[in-house]
Amino acid sequence: LQVLGLTDIDCEWPQQQLAQYSALTASSSLRELCIIDCDIQGAAWAHVFPAGRQLPQLHSFSARQDFGNDLCCLGSTGISHLVSCCPVLKQLQLQRKPDASLSPLQSLAALTQLTI
């Protein structure tokens with residue numbers, strides 16, 4: 001799997017078994033991941049981008065919520081996990097929690113497009 005796009009998935013995402021979210025990034029060939037209007041809880045991002053996993057091909061990641069809530073926002077932990085898992089990101093579009101630190105993004109040397 002090289003490209004995964006999830007858009008406007010209106011369902012009950014798992015709240016208790018967050019480890020299931022790691023399936024979104026299970027493919028080491030993943031090049032693009034786009035999650036839009038899917039109400040993924042902030043705590044899930046640490047499982048989407050688990051510590052120790054490397055996604056060497058992922059060059060584009062987008063996560064946003066267009067419809068008024070902040071469920072898809074990444075906090076500091078989610079951003080740190082994203083950066084450690086995806087060192088070759090070139091394009092990044094995300095919504096962050098108001099208190100989330102963006103300083104980990106400085107280590108993304110290949111980043112050419114950033115939208116927050």
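**A chat about rings, strands and a helix**

Student: Let us begin with the rings. Are W45 and F49 buried or exposed?

Tutor: Both W45 and F49 are buried. Please keep in mind that this is a predicted model.

Student: How many aromatic pairs are there?

Tutor: The count comes to three aromatic pairs. One of them is formed by W45 and F49 and is stacked, with 6.3 Å from centre to centre and 15 degrees between the planes.

Student: And why is the pair of W45 and F61 called edge-to-face?

Tutor: The planes of the W45 and F61 rings stand at 80 degrees, with the centres 5.8 Å apart, so this pair is edge-to-face. The cut-off for that label is an angle over 60 degrees. The pair also links distant parts of the chain, since W45 belongs to helix α1 and F61 to strand β3, 16 residues apart.

Student: What two values describe such a pair in general?

Tutor: A pair of aromatic rings is described by how far apart the centres are and by the angle of the planes.

Student: Which residues end up in the cluster of ring pairs?

Tutor: W45, F49 and F61 are joined into a cluster by ring pairs. W45 has a relative accessible area of 0% and is buried. F61 is buried as well, at 1% relative accessibility.

Student: You mentioned β3. How many of its five residues are buried?

Tutor: Four of the five are buried, and strand β3, residues 60-64, is thus mostly covered.

Student: Let us turn to the sheet. In what order do the five strands come?

Tutor: The order is β1-β2-β3-β4-β5, in an open sheet with parallel pairing. At the edges are β1 (3-7) and β5 (113-115), each of which pairs on one side only. From one strand to the next, the twist averages 5 degrees.

Student: Over how many bridges do β1 and β2 pair?

Tutor: β1 and β2 pair over five bridges, in the parallel sense. As one example, L6 has I35 in β2 as its bridge partner.

Student: Which residues stand opposite S60, then?

Tutor: E32 stands opposite S60 of β3, and in β4 the bridge partner of S60 is Q91. Strand β2 (residues 32-36) pairs with β3 over five bridges, while β3 and β4 (residues 91-94) pair over four bridges. The pairing is parallel for β2 with β3 and for β3 with β4.

Student: A new topic: where is H81 found?

Tutor: H81 is part of helix α2, which spans residues 76-85.

Student: Is H81 buried or exposed, and why?

Tutor: H81 counts as buried because its relative accessibility is 18%, and the cut-off for buried is under 20%. Leaving aside residues up to four places away in sequence, H81 touches A46, F49, P50 and A51.

Student: Which residues of α2 are buried?

Tutor: They are G78, I79, H81, L82, V83 and C85. What covers them includes α1 (45-48), β3 and β4.

Student: Finally, the cysteines. How many disulfides are there?

Tutor: The count comes to zero disulfides. For C34, the closest cysteine sulfur is that of C38, at 8.6 Å, which is too far for a bond. The cut-off for a disulfide is within 2.5 Å.

Student: Why is C34 called partly exposed?

Tutor: C34 counts as partly exposed because its relative accessibility is 25%. C73, by contrast, is buried, with a relative accessible area of 7%.

Technical notes: Residues are numbered from 1 along each chain as its sequence is written. This is a predicted model: local features need pLDDT of at least 70, side-chain atom pairs count only at pLDDT 80 or more; totals for chains, interfaces and linings use all residues. Side-chain values use heavy atoms; hydrogens and water are left out. Buried means under 20% relative accessible area, exposed over 50%, partly exposed in between (1.4 Å probe, protein chains only). Helices (H or I, at least four residues) and strands (E, at least two) are DSSP runs, numbered from the N terminus. Two strands pair if DSSP finds at least two bridges between them. Contact means heavy atoms within 4.5 Å. Axes are lines fitted to C-alpha atoms, for helices over the stretch in contact, and angles run from 0 to 180 degrees between N-to-C directions. Rings of Phe, Tyr and Trp (its six-membered ring) pair if their centres lie within 6.5 Å; planes under 30 degrees apart count as stacked, over 60 as edge-to-face and the rest as tilted.
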